[in-house]
Amino acid sequence: MADFIDADLRGSRFTRVDLTGAEFRRARLNGITVRGAGLHGVRLDGVELVDAQITGEVENLTINGVEVSAYVNAELDRRDPDRVAMRPTDAEGFRAAWALLERLWEGTLERARALEPDALHVSVDEEWSFVETLRHLLFVTDSWVRRGILRVEDPWDPWDLPWDEMPDTPGIPRDRTVRPDLDDVLVRRRERQALVRGFLAQLTDARLDEHTEPLDGDSWPPARPFAVRECLEVLLLEEWRHRLYAERDLTALGAPT
């Protein structure tokens, strides 16, 4: 294990590194940016946390002895009551959640179409462009529904886009250089939406608690059984969050509300 003592590491970049179990003592971490990192079991003692922003999946967060994630979730639900629909408990709830997502995405697409086509390939603050966001959602549906639930062995489209931190996996595309037109991506996007809509139309409460039969091989999702409910929850969460990210970035690009 390396020790950095009295070292000036300002401006260093750590990409795909493992810092599990690392200790920072009397370290200056001002102005740092952390993206796509796992922060499970992090302990911050005696810190000065001022003007900080945290965006992501936050659970069991305790600040000065107060568990705050419940407060955060309650406030988010208050600000956007539709968010509650993304936590369905039965088949009808999943159908309603998907219908809501499709309606919300149509509004987001309307905003995007008000911009010049080139703007839809612009990255805001190093995040995915609008088109890349849609490409990632192709990957999500192909992973968790087509492969995970329906057992399509090779569900991938050349424009599928995994998350940036995912290790390169044989057979799974991740071309960040292509710039397909929005309408071309939407052809594939609407095919995936219709597939999910059709699956949900036949979904029963009993089916939700059944487990998938994993396909062999190093792919995604991991080759282990998942409850059908769990696969669909991942799909809803990804669709919900990435629409919010897209809305945020469209505002930054000047899209009308």
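Let me start with the largest cavity, whose lining is made up of Arg147, Gly148, Thr212, Pro214, Leu215, Gly217, Pro221, Pro222, Ala223, Arg224, Phe226 and Cys231. Please keep in mind throughout that this is a predicted model. The space inside that largest cavity comes to about 100 Å³, and its lining, sorted by class, holds seven nonpolar residues, three polar ones and two charged ones.

How many cavities of 30 Å³ or more are there? The count comes to two, and the second largest has a volume of about 60 Å³. Around the second largest cavity we find Val122, Val124, Trp128, Ser129, Phe130, Thr133, Tyr245, Ala246, Asp249, Leu250 and Leu253, which by class gives eight nonpolar, two polar and one charged. Helix 3 and helix 6 each contribute at least two residues to this lining, with helix 6 giving the most, namely four residues.

Those two helices come up again when we turn to helix 4, since helix 3 (130–147) and helix 6 (228–252) are among the elements that cover its buried residues, together with helix 2 (91–113) and helix 5 (205–208). The residues of helix 4 that are buried are Leu182, Val185, Leu186, Arg189, Arg192, Gln193, Val196, Phe199 and Leu200, so you will see that the list includes Arg189, Arg192 and Gln193 alongside residues such as Leu182 and Phe199.

Finally, a check on the length of helix 4: it has 20 residues, from 182 to 201, and at 1.5 Å a residue these should span 28 Å, which agrees with the model because the end C-alpha atoms are 28 Å apart.

Terms used:
Residues are numbered from 1 along each chain as its sequence is written. This is a predicted model: local features need pLDDT of at least 70, side-chain atom pairs count only at pLDDT 80 or more; totals for chains, interfaces and linings use all residues. Side-chain values use heavy atoms; hydrogens and water are left out. The expected span of a helix is 1.5 Å times one less than its number of residues. Buried means under 20% relative accessible area, exposed over 50%, partly exposed in between (1.4 Å probe, protein chains only). Contact means heavy atoms within 4.5 Å. On a 1 Å grid over the protein atoms alone, a cavity is a set of points where a 1.4 Å probe fits but cannot get out, and a pocket is an open set with protein on both sides within 12 Å along at least five of seven lines; lining residues have an atom within 4 Å of a point. Grid points are joined across faces, edges and corners, and a volume is the space filled by probe spheres set on the points. Ala, Val, Leu, Ile, Met, Phe, Trp, Tyr, Cys and Pro count as nonpolar, Asp, Glu, Lys and Arg as charged, and the others, Gly among them, as polar.
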